[in-house]
Amino acid sequence: MTPALSVLEYHLVNYRRTWRSSALSTLVMPLLTLLGFGVGVGAYVRGGVDGVPYIDWIVPGLIASTAMQAAFGEATWPVLSYFEWLKVYFAQAAAPLRVADIVGGHLAFMLFRVLLTAAAFLVVAAAFGTLHSWWAPMTLVVALLVGLASAAPTMAYAASITSDSYLIILMRFAVLPMSLFSGVFFPVESLPLLLRWVAYVFPLWHGVELSRDAMLGLDPGALGLVHVGALLAWCVAGWWLAHARFRRRLVI
Amino acid sequence: MGDSLIHARGLVKRFGDFTAVDGIDVDVRRGEAFGFLGPNGAGKSSTMRMIGCVSPPTGGVLEILGMDPRRDGPKIRGKLGVCPQLDNLDIELTVRENLTTYARFFGIPRKEARRRADELLEFVQLSERADSKVEPLSGGMKRRLTIARAMVNQPEMVLLDEPTTGLDPQARHLVWERLFRLKQQGVTLVLTTHYMDEAEQLCDRLVVMDGGRIVAEGSPRALIEQYSTREVVELRFNTEDQSAYAEKLAGIGERLEVLPDRILLYVADGDDATDEVNRRSLGPASVLVRRSSLEDVFLHLTGRTLVD
């Protein structure tokens with residue numbers, strides 16, 4: 001067994017103690033979101049978007065967005081508290097684990113949470129009758145990619161701060177704009193050019209586009225490679241940063 | 001160097017401009033209980049972190065279990081047990097899960113991890129609490145659990161950073177007793193402390209650190225013999241200024257120290273010294289004769305100035 005797997009196992013044992021409290025919200029959140037935006041707002045968007053009903057159009061974007069938010073939730077407060085309050089990482093660093101095992105094992109657990117959350121969304125979406133293509137399960141692969149692209153750099157950020165007020169800043173200036181301007185609720189073409197760059201630069205929009213193509217059974221073409229490339233770039237840069245920040249904290 | 005588990009020569013640790021450890025030589029042999037003593041900021045914890053292979057040395061030679069921490073960090077850590085100054089247990093997990101999940105980091109199979117956890121909980125007298133969460137445990141119980149966790153990989157050497165700081169007397173004695181048992185089983189113990197009674201109880205050999213350097217080295221007994229006298233006479237006089245009596249006591253014993261509230265006479269024989277004090281009719285309000293302790297050595301070497 002590789003050492004990183006033992007770290008994943010640790011996080012899973014921990015999760016076994018707390019999963020009940022998060023299970024309900026994992027199911028209720030997509031339900032409320034789909035009722036509010038899909039059914040509620042959708043009633044006003046009579047012509048649909050790009051030729052498909054509004055609810056069908058936003059579900060894949062919401063899955064990608066949910067993946068990003070789940071990743072953000074797992075890579076912020078838990079990471080900060082494992083450094084600052086619970087000192088879990090320091091206990092791990094004293095064991096025969098390398099920094100890469102500690103970061104990798106925790107990231108693997110975050111992806112597990114992302115997958116659970118995205119899958120719950122997909123199941124609820126299916127109940128709303130929004131699944132039309134056999135490619136729909138690919139949205140989960142995209143969700144994992146979005147999850148890693150979001151979790152890794154967020155983890156690096158959380159490892160660089162000592163107070164959770166900095167997490168609020170990240171929420172306001174990165175997560176919120178990304179959620180609003182990444183083509184989840186409306187096409188980015190509706191945005192002024194400057195705001196469109198929020199979509200182009202941050203990872204979420206790339207995931208939303210891929211997720212939508214999968215859900216609607218469309219061929220993403222060459223642009224698909226650009227999206228995958230952008231997401232992978234965030235993953236690699238995020239991993240590199242997270243590893244460097246963790247090393248700085250754990251090996252001094 | 002034979003069976004040296006720790007071998008350090010000119011070991012240095014710098015943080016920017018600050019030199020925490022300033023060129024120390026240390027050898028710890030298998031089976032011995034070795035102590036690092038010193039006031040706060042003496043460099044004890046920095047030294048322990050280097051030995052624990054979580055802090056690369058800035059300079060000098062360091063070999064742990066015959067290996068190089070810079071290259072073999074994970075391999076060395078696999079054979080060490082570490083009990084940090086502040087407990088970093090998982091408060092959400094049960095007492096037993098704390099041991100089993102930690103054992104997995106060492107690649108120990110699940111079944112074996114469980115067996116060892118039960119055995120170790122027995123050893124630190126926490127078996128009845130195996131399935132309760134860690135959060136409500138007392139400080140002494142948490143400390144014992146941390147020690148048990150440090151033993152889960154059957155380490156060749158256990159590093160204990162201030163193992164009983166913050167514990168009440170009963171809890172301290174229980175921890176000492178357990179550590180003494182480990183020592184009897186042949187486990188090499190390396191600890192830092194600023195409790196002199198702890199050092200005298202547990203350590204075969206120790207070094208006193210001050211300002212990042214080693215200022216004395218030896219067994220507790222040898223250090224007392226070298227840096228103090230056999231006995232100490234503590235005299236209190238009914239006066240605002242104890243130093244007024246210092247002159248009148250001149251010539252008694254080897255050394256005299258004036259404190260704000262009393263005068264210490266470092267002497268070979270306390271009763272002889274007391275007789276001499278009485279002969280000079282100085283009329284002290286109280287006289288206490290006691291054996292020299294490691295605390296006298298410590299204060300002599302590192303001074304009485306408060307370090308926060």
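Here are legends for four close-up views of this predicted model.

**View 1. The two assigned domains of chain B.** The domain assignment splits chain B into domain 1 (4-224) and domain 2 (229-291). If you want a sense of their spacing, the C-alpha centres of domain 1 and domain 2 of chain B are 40 Å apart.

**View 2. Helix H1 of chain B and its surroundings.** Eight of the eight residues of helix H1 (residues 44-51) of chain B are buried, so the helix is largely enclosed by the rest of the structure. Look for B:Lys44 and B:Arg49 here, which are among the buried residues of H1(B), as are B:Met48, B:Met50 and B:Ile51. Just after H1(B) comes B:Cys53, with a positive phi of about 60 degrees.

**View 3. A four-stranded open sheet in chain B, with a helix packed on it.** The strand order is E11-E12-E10-E13 (chain B), and the pairing is antiparallel. Strands E11 (255-258) and E13 (286-291) of chain B are at the edges with a single partner strand each, so one side of each has no neighbour in the sheet. On average, neighbouring strands of this sheet are turned by 20 degrees against each other, direction ignored. Five bridges join strand E10 (residues 231-236) and strand E12 (residues 263-267) of chain B in the antiparallel sense; to find your place, B:Glu231 stands opposite B:Val267 in E12(B). Helix H9 (residues 270-279) of chain B packs on the sheet and touches E10, E12 and E13 of chain B, its direction making about 30 degrees with that of E10(B).

**View 4. An annotated stretch of chain A.** An unreviewed UniProt entry places the feature "domain: ABC transmembrane type-2" at residues 21-249 of chain A. Over residues 21-249, chain A is 76% helix and 0% strand, with the end C-alpha atoms 31 Å apart.

How values were computed. Residues numbered from 1 in each chain as written. Chains lettered and ligands numbered in written order. Predicted model: local features only at pLDDT ≥ 70, side-chain atom pairs only at ≥ 80, totals over all residues. Domains from an automatic or database assignment. Buried ≥ 20, exposed ≤ 12 C-beta atoms within 10 Å, placed from the backbone. Helix = DSSP H or I, 4+ residues; strand = E, 2+ residues; numbered from the N terminus. UniProt positions renumbered as here; feature names shortened; annotations may be inferred. Pairing = 2+ DSSP bridges. Axes fitted to C-alpha atoms, helices over the stretch in contact; angles between N-to-C directions. Contact = placed C-beta atoms within 7 Å.
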